Amino acid sequence: MNAIIDILSELKNVIFPNVCPACHNNVMPQGRLVCTPCLCELPFTDHFDHHDNKVASHFYGRVKIYSAAGLLYFRENSFVQDIVHSFKYNHNKEIGIVLGKMAGEKMLMSSGFRQAEVISPVPLH
């Protein structure tokens with residue numbers, strides 16, 4: 001019975017390959033959403049470590065906030081744009097979960113977010 005399940009799993013991988021939304025290469029091992037080379041190249045910001053950052057400055061004088069941060073630097077025609085577009089336009093919800101977990105881990109390590117009562121995602125573009 002396990003052999004049949006293994007064969008069906010491999011057949012599924014051939015028909016519906018797990019493709020990295022950034023470089024469009026096959027992602028191995030199964031269950032990963034972004035390949036290791038792209039994951040290593042993600043341009044993370046340092047916003048979680050510095051309260052006075054570019055994202056926070058967007059809100060100065062508009063709304064009272066305690067902390068604001070962006071997870072990744074976004075540039076047009078970059079693989080980050082491909083990842084975000086996979087989430088936004090291809091309805092790849094798993095990418096949102098992965099990015100959300102990354103942001104959550106950074107928030108837990110940041111003094112500016114440990115006491116947060118409300119976290120509100122705001123698309124900036």
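**Entry 1: a patch on the surface**

I began with the outside and found a nonpolar surface patch of about 650 Å², made by Ile4, Leu8, Leu11, Val14, Ile15 and Phe16. My note on the term: patches are made of residues with over 30% relative accessible area and no salt bridge, with like charges joined within 9 Å and nonpolar side chains (Val, Leu, Ile, Met, Phe, Trp, Tyr) within 5 Å. A salt bridge here is a side-chain nitrogen of Lys or Arg within 4 Å of a carboxyl oxygen of Asp or Glu. Accessible areas come from the Shrake-Rupley method with a 1.4 Å probe, and for residues only the protein chains shown count as cover.

I then picked out Leu8, which sits in helix H1 (residues 2–15). Helices are DSSP runs of H or I with at least four residues, numbered from the N terminus. Leu8 has a relative accessible area of 51%, so I wrote it down as exposed. The scale I use is buried under 20%, exposed over 50%, and partly exposed in between.

**Entry 2: how far to trust the model**

This is a predicted model, in which local features need pLDDT of at least 70 and side-chain atom pairs count only at pLDDT 80 or more, while totals for chains, interfaces and linings use all residues. Residues are numbered from 1 along each chain as its sequence is written, and side-chain values use heavy atoms, with hydrogens and water left out.

I looked up pLDDT, the predictor's confidence in each residue, from 0 to 100. The protein has a mean of 84, and 92% of its residues reach 70 or more. Among the elements, H1 has the lowest mean pLDDT (75), and helix H3 (residues 54–59) has the highest (90). A reminder to myself: where pLDDT is low, the predicted coordinates should not be read in detail.

**Entry 3: the cysteines**

How many disulfides does the count come to? I got 0 disulfides, taking a disulfide as a pair of cysteine sulfur atoms within 2.5 Å. Why no bond for Cys20? Its closest cysteine sulfur, in Cys35, is 3.8 Å away, which is too far. For Cys40 the closest cysteine sulfur is also in Cys35, at 8.8 Å, again too far for a bond.

Are Cys20 and Cys40 buried or exposed? Cys20 is buried, at 0% relative accessibility, whereas Cys40 is exposed, at 62%.

**Entry 4: the core**

Cys20 came up again when I looked inside. The largest nonpolar core has 19 residues, and Cys20, Leu71 and Leu99 touch the most other members. Helix H4 (79–88) and helix H5 (93–109) each supply at least two residues of this core. The largest share, 5 residues, comes from H5. Such a core is a set of buried Ala, Val, Leu, Ile, Met, Phe, Trp, Tyr and Cys residues joined through side-chain atoms within 4.5 Å.

**Entry 5: two loop residues**

Next I checked backbone angles. Asn77 has a phi near 60°, a positive value in a residue other than glycine. Asn77 lies in the loop between H3 and H4 and is exposed, at 76% relative accessibility.

His91 is not a glycine either, yet its phi is positive, about 55°. I found His91 in the loop between H4 and H5, exposed at 61%.

**Entry 6: after H5**

Last, I followed the segment after H5, where I found Phe113 and Ile119. Phe113 is buried, at 14% relative accessibility, but Ile119 is exposed, at 55%.

Phe113 and Ala69 are 44 residues apart in sequence, with their C-alpha atoms 9.6 Å apart in space. For Ile119 and Ala68 I noted 51 residues in sequence and 9.3 Å, C-alpha to C-alpha.

Notes:
Buried means under 20% relative accessible area, exposed over 50%, partly exposed in between (1.4 Å probe, protein chains only).
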